[in-house]
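Here is a friendly walk through a protein model, from its open spaces to its charged contacts. Have the viewer ready as you read.

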Amino acid sequence: MNALALILRREIRLSMRQAGDSAIIVLFFVLAAILFPFGVGPEPNMLARMAPGVVWVTALLAAMLSFERLFAPDYEDGSLEQLALGPAPLETVALAKAAAHWLTTGFPLMIAAPLIALLYRLPDAGYNTLLITMALGTPTISLIGTVGAALTLGARRGGVLLSLLVIPLIIPILIFGTAAIDAAIGGYPFRQHLLLLGGFFLGALVLTPIATAAALRQALE
Amino acid sequence: MKFFGENISCVRGERLVFRGLNFAVEPGGALVLTGNNGSGKTSLLRVMAGLNRATVGKIAWSDGPISDDPEKHHGRLHFIGHLDAQKPVLSVGENLEMWARLHGGTDEKIAMAIKKLKLDGFEDLPGRYLSAGQRRRLSLARLVASEAPLWILDEPTIALDEGSVAAVRALISEHRDAGGMAVIATNVELGLSDTTKLDMRDYAAGQDDIWEGVS
Amino acid sequence: MIQKYANPARFNRLAATLLPWFAWPAAILIFAGLYFALFNSPPDYQQGESVRIMYVHVPSAWMALFVYTCMAISCAVGLIWKHPLAHIAAQAAAPIGACFTFVCLMTGSLWGKPIWGTWWVWDARLTSVLILFFLYLGFLALQNAFDDPARGERSAAILALVGLINVPIIHYSVVWWNTLHQPASVIKMAGPAIHSSMLLPLFLMAIGFKLYFLTLLLLRMKALMMARRARGMSMAQLHHQAAE
């Protein structure tokens, strides 16, 4: 069995044994999203107008909370050391970790997103696009967040710091994710937005494992 | 194949820990590092494993420096450090299997490791129920569960009872008889025969300023 | 033995030679630039006297990007060739760059009040500069987040490189987002119609800012190296005392 599959299987097994951890992130996502109507009032048109943005912003914030523990347990108990000493390059480890993060956090967030859109009465035309943008955008966020998690390993107040590093980097995903949904609702073409989101994903897929591996290498030193 | 280092110096936390250190391990050999706490035993082991970079100097196998192909070097060694790399929610078997498979270990090897480290009967026990000594034995089981010519062990007998220390001694002897090599940092006498000693005090950098002679 | 990698003595000599060549021209250029900007250039027919803010705002914006690029390049040098001076340069440049970015945001806001009637507009340029400011803050925060300073400088270096790749992506995303949500009705800062009498002070200020940056950079690098050396010496002394 190759290293990627081994690490992935271990991560999934771990997250199944600690299923509560993923559930808490999704719960935070839903809770943060239902705060907005209390703040701005329940006027249906306004909520429908806000829906794409709120779903995306709260999904991003929920994802930020999940990154802090991505490498920290492995760093603290020596697993990361052993992974680094394995026969697979650290880039593979980084990719496996990002994939595992998406499966255990990104994917659940994506599934929960239409539910929140429903509470906000997102127009029917938006749901498919919402799912597609989430499917294209959340893996990119997992990849970029993995870099942030590796960079802040062992830092004082790593969690808050991680958000400070990662949030500016994912603004483009937020911009095109919400714009695609808005365009779909308005009946405008949105293929370009999706292509750009796909492009971001491919770029991140190639580049972020290199950055993550470099960060992990010096975290272990 | 020989594993050796030449003129190694190591700076950690802006301090020169040791300098001008040389070592060599031949197949079947064992190198025992001694020295006080903070003398750089762990730093040296991590440099040997390739986890840390030596500030100056070269670490190599007969067929080339480890920095040329870190993955090949990693494939040739087992590193047992202070941290046990075990997950409390995974069972003993699952914990061991992960690292064994990563290094190409087979089912028979894993079963043998469980037996040799006297962990039989614990396979399905979640890691969180293990005692410190049992956790140590589970870490050491990685040595048997997959093969590697070089063992790098940091205080391998910590938390172990006398019987287990004897088992570890037997493991190391067996490994060396088969042509394996071991580098061990320890402050207790392990009772291994025919070892090379390396006293870290001989390479201590003392109070020298690392910027010495610069300005 | 660090001598092999970086030679503080040689750097100090170089810095001492270069400093006056940066500092004096910087001062002269900035004073000349300010004179032309404040007294010897025409008010804009649309923006009136407020246009003079531009002579600080635009060079600051250029510096914000320029310093970030310099910083990322020296981070790359530090990571690839393990040259400690490169990390020190990046460490020295970051707060200077952050200050230029802040000045750019402040002057943009001050300019916005009389022109747009509000302190902040989600204008594409201002918004990307704001994000750049957060990239700087992230770099500084990461650098200081570790107990081991070496760890902080290497982590921050990787972040700077990731940021450098992202800066153009963020910028064009924001520009696109801005045109989508805000049809171009606002007056763009430093729009295409720049009178030639405005170019002279702008040019003087831009060069002056660059030299000012180099002056500060050298001074900060010297200070950081001394601090590092003092730390190393006190560490060695502490360990020596403990060993006795």
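A pocket, as the word is used here, is an open set of grid points with protein on both sides within 12 Å along at least five of seven lines. Please keep in mind that this is a predicted model.

**Pockets and cavities**

By that definition, the second largest pocket has a volume of about 810 Å³. It is lined by 27 residues, and those closest to its centre are A:Val57, A:Ile171, A:Leu174, A:Ile175 and C:Trp177. On the chain A side, helices H3 (44-77), H7 (158-169) and H8 (171-186) each give two or more residues to this lining, and on the chain C side H4 (124-143) and H5 do so. The most comes from H3(A), with eight residues.

How many cavities of 30 Å³ or more does the structure hold? There are seven. About 70 Å³ of space lies in the largest cavity. Its lining includes A:Trp56, A:His101, A:Met134 and A:Ser142. Two or more lining residues come from each of H3, H5 (90-119) and H6 (127-151) of chain A.

**A nonpolar patch on the surface**

Turning to the outside, A:Leu4, A:Leu95, A:Leu202, A:Leu205, A:Val206, A:Leu207, A:Ile210, C:Ile165 and C:Ile169 form a nonpolar patch with about 730 Å² of accessible area together. Helix H9 (191-220) of chain A and helix H5 (149-181) of chain C are the elements that give two or more residues to the patch. H9(A) gives the most, with five residues. C:Ile165 sits in helix H5 of chain C and is partly exposed, with a relative accessible area of 45%.

**Salt bridges**

Over all chains, a search of the whole structure finds 26 salt bridges. Three of them are set out here, with the distance between their N and O atoms.

| Salt bridge | N to O distance |
|---|---|
| A:Arg10 and A:Asp74 | 3.5 Å |
| C:Asp147 and A:Arg156 | 2.7 Å |
| A:Glu221 and B:Arg53 | 3.3 Å |

The pair A:Glu221 and B:Arg53 joins two chains, because A:Glu221 lies in the segment after H9 of chain A and B:Arg53 in the loop between helix H1 (41-49) and strand E4 (56-61) of chain B. A:Glu221 counts as partly exposed at 21% relative accessibility, and B:Arg53 is partly exposed with a relative accessible area of 44%. Salt bridges that share partners also join A:Arg10, A:Glu11, A:Asp74, A:Asp77, A:Lys97 and B:Lys87 into one network.

Are A:Arg10 and A:Asp74 buried or exposed? Both are buried. In the pair of C:Asp147 and A:Arg156, C:Asp147 counts as exposed at 68% relative accessibility, whereas A:Arg156 counts as partly exposed at 44%.

**Cysteines and chain C**

The count of disulfides over all chains comes to zero. C:Cys70 is in no disulfide, and the nearest cysteine sulfur, that of C:Cys75, is 11 Å away. C:Cys70 is partly exposed, with a relative accessible area of 27%. Why does C:Cys99 form no bond with C:Cys104? The sulfur of C:Cys104 is the closest cysteine sulfur to that of C:Cys99, but at 13 Å it is too far for a bond.

Chain C has six helices and zero strands. Of its 244 residues, 48% are buried.

**A buried residue in chain B**

Finally, B:Asn95 is in helix H3 (residues 92-102) of chain B and counts as buried at 4% relative accessibility. B:Asn95 and B:Glu123 are 28 residues apart in sequence, and 9.4 Å apart in space, C-alpha to C-alpha.

Definitions and conventions. Residues are numbered from 1 along each chain as its sequence is written. Chains are lettered from A and ligands numbered from 1 in the order in which they are written. This is a predicted model: local features need pLDDT of at least 70, side-chain atom pairs count only at pLDDT 80 or more; totals for chains, interfaces and linings use all residues. Side-chain values use heavy atoms; hydrogens and water are left out. Patches are made of residues with over 30% relative accessible area and no salt bridge: like charges are joined within 9 Å, nonpolar side chains (Val, Leu, Ile, Met, Phe, Trp, Tyr) within 5 Å. Accessible areas come from the Shrake-Rupley method with a 1.4 Å probe; for residues, only the protein chains shown count as cover. A salt bridge is a side-chain nitrogen of Lys or Arg within 4 Å of a carboxyl oxygen of Asp or Glu. Helices (H or I, at least four residues) and strands (E, at least two) are DSSP runs, numbered from the N terminus. Buried means under 20% relative accessible area, exposed over 50%, partly exposed in between (1.4 Å probe, protein chains only). A disulfide is a pair of cysteine sulfur atoms within 2.5 Å. On a 1 Å grid over the protein atoms alone, a cavity is a set of points where a 1.4 Å probe fits but cannot get out, and a pocket is an open set with protein on both sides within 12 Å along at least five of seven lines; lining residues have an atom within 4 Å of a point. Grid points are joined across faces, edges and corners, and a volume is the space filled by probe spheres set on the points.
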